[in-house]
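Biologist: Please place the sequence and the predicted model before us. I should then like to work through burial, helix packing, backbone geometry, cysteines and confidence.

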Amino acid sequence: MIYTEYGQTPLDTDEVRGLLIPGIATKEDLDSLEQENILQALEWSGSARIDSERFFSEKFLRDLHIRMFGGVWKWAGQFRKTEKNIGVPALQISTALWNLQKNCMCWFLEKSFPPDEIAIRYKHRLVSIHPFPNGNGRHSRLVADIFISRILGKPIFTWGRSLVQDGASPEEVRRMYIESLQCTDHGDYSQLLKFARS
């Protein structure tokens with residue numbers, strides 16, 4: 001297994017073999033490659049036709065993951081086949097996603113929660129399912145941004161950007177993000193909601 005940094009899911013040997021670019025020697029090189037792909041996905045998400053029917057589909061989640069990581073990992077967009085330190089059992093991913101999407105669609109149609117909370121609940125459950133071998137946190141944050149902006153018509157989340165501008169290190173911000181997710185695991189959405197708008 002390859003361990004990356006605090007709060008990231010380890011990749012097993014077969015998943016590491018899925019790296020499309022030979023010669024990646026450092027985590028920084030990998031991050032840089034992934035970031036290039038993610039920027040392309042961000043650009044696409046701002047201009048593509050995304051309505052609620054398209055958004056609430058397994059195909060959309062897979063396609064978005066491919067757009068984010070397809071230039072780096074050959075398994076981009078494919079559900080994981082291995083068990084991780086987080087997530088539902090691999091064989092239950094499709095069912096868990098179907099249930100999540102139906103729940104979130106009901107929250108949306110019935111206005112069960114304020115807009116930010118619907119997006120954050122969806123993001124949290126999506127990352128908890130952990131459908132892909134890697135990139136689930138970044139994927140779920142972009143899903144929440146697309147949902148809040150393209151479906152609900154509200155500003156995208158900032159995900160701790162103001163904390164960095166106020167002098168917090170990226171490591172501190174990541175730790176705060178992980179801690180807010182852990183609170184949400186216990187039913188308290190307040191910290192993740194606050195972090196998402198900080």
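**Burial, packing and confidence in a predicted model**

Biologist: Does Thr184 count as buried or exposed?
Modeller: The relative accessibility of Thr184 in this predicted model is 2%. Burial requires a value under 20%. Because its value is 2%, Thr184 counts as buried.

Biologist: In which helix is the place of Thr184, and with which residues is Thr184 in contact, leaving aside neighbours within four places in sequence?
Modeller: The place of Thr184 is in helix H9. Leaving aside the neighbours within four places in sequence, Thr184 is in contact with three named residues across the chain: His124, Tyr189 and Leu192.

Biologist: How are the axes of H6 and H9 oriented towards each other?
Modeller: The axes of H6 and helix H9, residues 170-185, come within 11 Å and cross at roughly 95°. Angles of 65 to 115 degrees form one class of orientation. The crossing therefore makes H6, relative to H9, roughly perpendicular.

Biologist: Which residues of H9 are met by H6, and what is the make-up of this contact by class?
Modeller: From H6 come Lys123, His124, Val127 and Ser128, and they meet Tyr177, Leu181, Thr184 and Asp185 in H9. Sorted by class, the contact of H6 with H9 has three nonpolar, three polar and two charged residues.

Biologist: Which orientation do H2 and H4 have to each other?
Modeller: Helix H2, residues 27-47, and helix H4, residues 58-69, pack with their axes 6 Å apart and at an angle of about 130°. Angles over 145 degrees would count as roughly antiparallel, and those of 65 to 115 as roughly perpendicular. The relation of H2 and H4 is therefore oblique.

Biologist: Which residues make the contact of H2 with H4, and how many of them are nonpolar?
Modeller: H2 provides Glu34, Asn37, Ile38, Ala41 and Trp44, while H4 provides Phe60, Leu64, Arg67, Met68 and Phe69. By class, this contact of H2 with H4 has one polar and two charged residues, and its nonpolar residues number seven.

Biologist: What is the relative accessibility of Ala41, and what is its C-alpha separation from Glu171?
Modeller: The place of Ala41 is in helix H2, and Ala41 counts as buried because its relative accessibility is 1%. Leaving aside neighbours within four places in sequence, Ala41 is in contact with Arg67, Met68 and Leu142. Ala41 and Glu171 are 130 residues apart in sequence, and in space, C-alpha to C-alpha, they are apart by 24 Å.

Biologist: Which residues does His65 touch, not counting those up to four places away in sequence?
Modeller: His65 has its place in helix H4 and is buried, with a relative accessible area of 0%. Residues up to four places away in sequence being left out, His65 touches Gly70, Trp75, Ala76, Gly77, Phe132, Asn134, Gly135 and His139.

Biologist: What phi does His130 have, and what phi does Trp159 have?
Modeller: His130 lies in the loop between H6 and helix H7, and Trp159 is found in the loop between H7 and helix H8. His130 counts as buried at 5% relative accessibility, as does Trp159 at 13%. Neither residue is a glycine, yet phi is positive at His130, about 55°, and at Trp159, about 50°.

Biologist: Why is Cys106 not bonded to the closest cysteine sulfur?
Modeller: A disulfide is a covalent bond between the sulfur atoms of two cysteines. The pair of sulfur atoms must lie within 2.5 Å. For Cys106 the closest cysteine sulfur is in Cys104, and it is too far for a bond because the separation is 9.4 Å.

Biologist: How many disulfides does the count come to?
Modeller: The sulfur of Cys106 is too far for a bond with that of Cys104. By the distance rule, the count of disulfides comes to zero.

Biologist: What is the relative accessible area of Cys106, and what is that of Cys183?
Modeller: Cys106 is in helix H5, residues 93-110, and touches Lys111 and Ser112, not counting residues up to four places away in sequence. Partly exposed residues fall between 20% and 50%. Cys106 is partly exposed at 45%, and Cys183 is partly exposed at 21%.

Biologist: Which element has the highest mean pLDDT?
Modeller: The chain averages a pLDDT of 91, and 92% of the residues score at least 70. Over residues 1-7, pLDDT stays under 50. Among the elements, helix H1, residues 13-16, has the lowest mean, 70, and the highest, 98, belongs to helix H6.

Technical notes. Residues numbered from 1 in each chain as written. Predicted model: local features only at pLDDT ≥ 70, side-chain atom pairs only at ≥ 80, totals over all residues. Heavy atoms only, no water. pLDDT = per-residue confidence, 0-100. Helix = DSSP H or I, 4+ residues; strand = E, 2+ residues; numbered from the N terminus. Contact = heavy atoms within 4.5 Å. Buried < 20%, exposed > 50% of the residue type's maximum accessible area, 1.4 Å probe, protein only. Axes fitted to C-alpha atoms, helices over the stretch in contact; angles between N-to-C directions. Parallel < 35°, antiparallel > 145°, perpendicular 65-115°, else oblique. Nonpolar A, V, L, I, M, F, W, Y, C, P; charged D, E, K, R; others polar.
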